[in-house]
Amino acid sequence: MNARFQPADSLRGRLRVPADKSISHRGALFAAMAAEPVRIRNYLQAADTRSTLTAVSELGAIVQEGPDELVIRGVGLRHAQLQADRIDVGNAGTLMRLLPGWLAVQQGDAFTLDGDDSIRRRPVDRIAEPLELMGARIDARDGRFPPFTVHGAALAGIEYPLPVASAQVKSCVLLAGLVTDGTTVVEPVATRDHTERMLLRAGAPLERLGDPVAGYRTTVGNADEFEFDELDVPGDLSSAAFLIAAGVLVKGSRFVLEGVGVNWTRAGFLRILERMGAIVLCDAERVGEFGASEPVSDIDVSAGPIEGTIVERDEVPLAIDELPLVALLGCFAEGETIVRGAGELRVKESDRIATVVDGLRGLGAEIEAAPDGFVVHGTGGLRGGRLDAHGDHRLALLGAVAGLASSDGVEVVGIEAAEVSYPSFAADVATLAA
């Protein structure tokens with residue numbers, strides 16, 4: 001399905017963005033691992049997070065959906081029981097990488113995970129390696145692709161240095177470590193810490209040492225049961241980022257996004273915008289802060305001129321989902337915008353380096369691909385045209401934002417991909433443009 005996004009005159013008003021996808025995934029998984037019912041308010045209703053609800057149901061949890069909240073009655077940390085032949089993760093990469101950490105705990109049981117065509121192209125060897133070091137077995141297609149089967153076992157604690165900074169791999173290992181005498185994950189640089197905050201809130205034994213630049217050593221130990229009864233999911237900063245970019249680029253814009261999560265490990269995009277000179281104001285969490293709760297703030301966005309910047313390797317993990325937007329912003333900025341050390345983009349829902357470069361070039365951008373990033377030569381704007389989403393929700397939304405800020409508009413080929421994370425994007429834009 002195609003959709004055309006015409007240039008916007010201005011975007012104004014107040015709006016609540018969809019609930020945080022990362023926290024929704026984790027909330028459902030943690031609730032399924034709890035022994036007592038857990039209430040989750042503002043759970044994201046999108047394709048990826050629906051896949052997580054289906055998965056925990058297939059593992060024995062009971063999901064009760066009300067108009068304003070979910071109640072999940074879990075099975076406990078060690079008592080998952082597969083109710084189907086296999087678990088379909090759909091297009092949810094977070095679910096595919098986090099869930100095996102819990103499944104590896106289930107001694108003597110085997111669980112097969114599969115997904116759509118996009119998921120079947122995404123490697124799982126980076127979660128398989130640490131889980132196998134702990135004593136589990138992973139049988140994957142061609143040794144590294146879905147479908148794959150997790151064989152639970154009596155797990156031993158390990159110290160695991162992440163070869164590549166990844167919050168999803170870190171989370172998988174920490175979940176598996178909850179039945180060991182001690183498991184430590186060592187990060188080369190800081191990554192998203194939603195899992196650690198939720199573990200702390202649930203009463204799991206957890207210690208974190210280090211700093212934002214050098215990364216953290218996070219250790220978990222044997223947990224009996226989770227003390228976890230409710231969760232309020234804040235607005236998703238990664239979804240808000242698309243509207244923020246539109247507000248910066250569309251002349252005359254001024255709006256407020258309400259109740260957005262501003263955890264510092266998610267706010268790398270806001271720090272990049274600040275460096276570019278964008279007018280984006282909020283009460284963001286200070287870098288390095290850590291606790292059991294998630295900080296929330298309104299975000300005030302105004303249009304204005306921006307300058308090119310350089311995004312280095314150590315910034316990438318905390319802005320990985322928003323780097324395509326950095327490329328788009330670079331098209332409108334004065335000077336060059338360079339992103340380095342972002343090879344992880346090549347193993348997302350699409351090869352996001354190739355698809356972003358080709359997509360924006362087709363709209364009139366002066367942009368070049370590098371093995372681990374891209375270089376954008378700012379020209380002050382984009383002409384417009386057609387952009388193929390390649391089944392990637394963030395690319396679909398990138399095309400939509402480009403259309404709003406372009407001179408001629410953009411037709412997004414495959415706009416339905418946006419349903420994965422931000423199904424109300426077009427309606428929200430219409431609200432701000434009214």
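**Exercise 1.** In this predicted model, decide whether Tyr422 counts as buried or exposed.

*Solution.* The relative accessibility of Tyr422 is 1%, and since buried means under 20% relative accessible area, Tyr422 counts as buried. The same cut-off can be applied to two phenylalanines: Phe425, with a relative accessible area of 2%, is buried, and Phe5, at 10% relative accessibility, counts as buried as well.

**Exercise 2.** Classify the ring pair of Tyr422 and Phe425, and then the pair of Phe5 and Phe425.

*Solution.* A pair of aromatic rings is described by the distance of the centres and the angle of the planes. The structure holds four aromatic pairs. For Phe5 and Phe425 the centres are 6.3 Å apart and the planes stand at 55 degrees, so this pair is tilted. In sequence, this pair links distant parts of the chain, because Phe5 belongs to strand 1 (residues 2-5) and Phe425 to helix 12 (residues 425-433), 420 residues apart. For Tyr422 and Phe425 the centres lie 5.4 Å apart with the planes at 85 degrees, and as angles over 60 degrees count as edge-to-face, the pair is edge-to-face. Taken together, ring pairs link Phe5, Tyr422 and Phe425 into a cluster.

**Exercise 3.** Find which ring Arg208 lies over at 3.9 Å from the ring centre, and which ring its charged end sits over at 4.0 Å from the centre.

*Solution.* At 3.9 Å from the ring centre, Arg208 lies over the face of Phe290. The charged end of Arg208 also sits over the ring of Tyr216, where the distance to the centre is 4.0 Å.

Definitions and conventions
Residues are numbered from 1 along each chain as its sequence is written. This is a predicted model: local features need pLDDT of at least 70, side-chain atom pairs count only at pLDDT 80 or more; totals for chains, interfaces and linings use all residues. Side-chain values use heavy atoms; hydrogens and water are left out. Rings of Phe, Tyr and Trp (its six-membered ring) pair if their centres lie within 6.5 Å; planes under 30 degrees apart count as stacked, over 60 as edge-to-face and the rest as tilted. Helices (H or I, at least four residues) and strands (E, at least two) are DSSP runs, numbered from the N terminus. Buried means under 20% relative accessible area, exposed over 50%, partly exposed in between (1.4 Å probe, protein chains only). A charge sits over a ring if NZ of Lys or CZ of Arg is within 6 Å of the ring centre and within 35 degrees of the ring normal.
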